[in-house]
Amino acid sequence: MDWARFAQQLASMARDLLSQESVDATLERITASAIELVEACDAAGILVLHGQQVQSLAPTQELVVKSDRLQEQMREGPCFDAARTKQGERVFRVRDFTQDQPQWPSFGPAARELGVGSMMGFLLYTEDEDLGALNVYSRKPGAFTEASELAGWLLASHAAVAFSSARAHAQMEHAVATRHMIGEAMGIIMGSHDLTEEQAFDVLRRYSQENNIKLREVARLVCDHGSLS
């Protein structure tokens, strides 16, 4: 492993991650970087758990999606474990899927059928939140070494911060857009019914509560149709 070259590539990737314009673009850069930076990596993806449901993000190959679905169905597997682990191990490495995997008795043979030779899972996390797992795959058994694991862990550490930052930025943009839309809807209500700002907001709020519709959706309705009718 050429660590000097790796450090240069990792620094370049970190700058690229911060310059991405959306969460999706950030995730795609993360998984593409895994193939570039982790020796023997043939495919990569990010698995996120929503309760007991799995979401596959930025997969580089269909193999990743199929593996994630198997782990969801079987409720076992290294990446599934990494995404739901709150304490303890943050990295999982399966050296050789041609060998029995006692900790994943159902997933092991199924992954071998998919053509997975070895794989690793890295928890993507910051101090404040768990975000999912970065999954790295090789079609060759025994492909990943300790150096590969260290490279993946370093990548995942940078990726978690970038992922969290991109998501926070997207949430902020969404909040600003929502406030703008609510303000526009209030202006429409004020103009059509000769109400004050406070009264117009109360109209939107009451409609939201009485019809069990989120306030931003009520505002969207007014902006689209010019009224609540």
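**Exposure, aromatic pairs and nonpolar cores in a predicted model**

R205 counts as partly exposed because its relative accessibility is 31%, a value between the limits of 20% for buried and 50% for exposed residues. The structure described here is a predicted model. In this model, R205 is placed in helix α7, which covers residues 197-211. R205 is separated from A219 by 14 residues in sequence, and the C-alpha atoms of the two residues are 9.7 Å apart in space.

The overall architecture was examined next. The protein chain contains eight helices and five strands. Along the sequence, these elements follow the order α-α-β-β-α-α-β-α-β-β-α-α-α. The chain has 229 residues, of which 42% count as buried. Its exposed area is about 12300 Å², and carbon and sulfur atoms supply 48% of this area. When contacts between residues at least 6 apart in sequence are considered, 60% of them join residues at least 24 apart.

The interior was then described in terms of nonpolar cores. In soluble globular proteins, nonpolar side chains tend to be buried together. The largest nonpolar core of this model has 29 residues, and the members that touch the most other members are I30, I46, L124, L134 and V136. At least two residues of this core are supplied by each of α1, α2 (23-37), β1 (43-50), β4 (118-125), β5 (130-138) and α6. Helix α6 provides the largest share of the core, namely seven residues. The surroundings of I30 illustrate how this core is assembled. With neighbours within four places in sequence left aside, I30 is in contact with L17, I46, L134, L155, A159 and F163. Apart from this core lies another one, made of 17 residues, which include V64, F97, A110 and A111.

Aromatic side chains were also considered. A pair of aromatic rings is described by the distance of the centres and the angle of the planes. Two aromatic pairs were found in a search of the whole structure. In one of them, the ring centres of W3 and F6 are 5.3 Å apart and the planes stand at 80°, so this pair is edge-to-face; an angle over 60 degrees is required for that label. Both W3 and F6 belong to helix α1 (residues 3-19), where they are three residues apart, about one turn of the helix. W3 is partly exposed because its relative accessible area is 34%, whereas F6 counts as buried because its relative accessibility is 3%.

The rings of F97 and F107 form a pair whose centres are 6.0 Å apart and whose planes are at 80°, so this pair is edge-to-face. F97 is located in the loop between β3 (91-94) and α5 (107-114) while F107 is in helix α5, so the pair ties together parts that are 10 residues apart in sequence. F97 and F107 are both buried.

Finally, the nonpolar part of the surface was inspected. M1, W3, L150 and W153 make a nonpolar surface patch of about 370 Å². Among these residues, W153 is found in helix α6, which spans residues 146-193. W153 counts as partly exposed because its relative accessibility is 39%. Helix α6 thus appears in two parts of this description: it holds W153, and it supplies seven residues to the largest nonpolar core. W3 likewise appears twice, as a member of the surface patch and as the ring partner of F6.

Terms used:
Residues numbered from 1 in each chain as written. Predicted model: local features only at pLDDT ≥ 70, side-chain atom pairs only at ≥ 80, totals over all residues. Heavy atoms only, no water. Patch = residues over 30% accessible without salt bridge, like charges linked within 9 Å, V, L, I, M, F, W, Y side chains within 5 Å. Areas by Shrake-Rupley, 256 points an atom, 1.4 Å probe, with all protein chains shown as cover. Salt bridge = Lys/Arg side-chain N within 4 Å of Asp/Glu carboxyl O. Helix = DSSP H or I, 4+ residues; strand = E, 2+ residues; numbered from the N terminus. Buried < 20%, exposed > 50% of the residue type's maximum accessible area, 1.4 Å probe, protein only. Phe/Tyr/Trp six-rings, centres within 6.5 Å; stacked < 30°, edge-to-face > 60°. Contact = heavy atoms within 4.5 Å. Core = buried A, V, L, I, M, F, W, Y, C linked by side-chain atoms within 4.5 Å.
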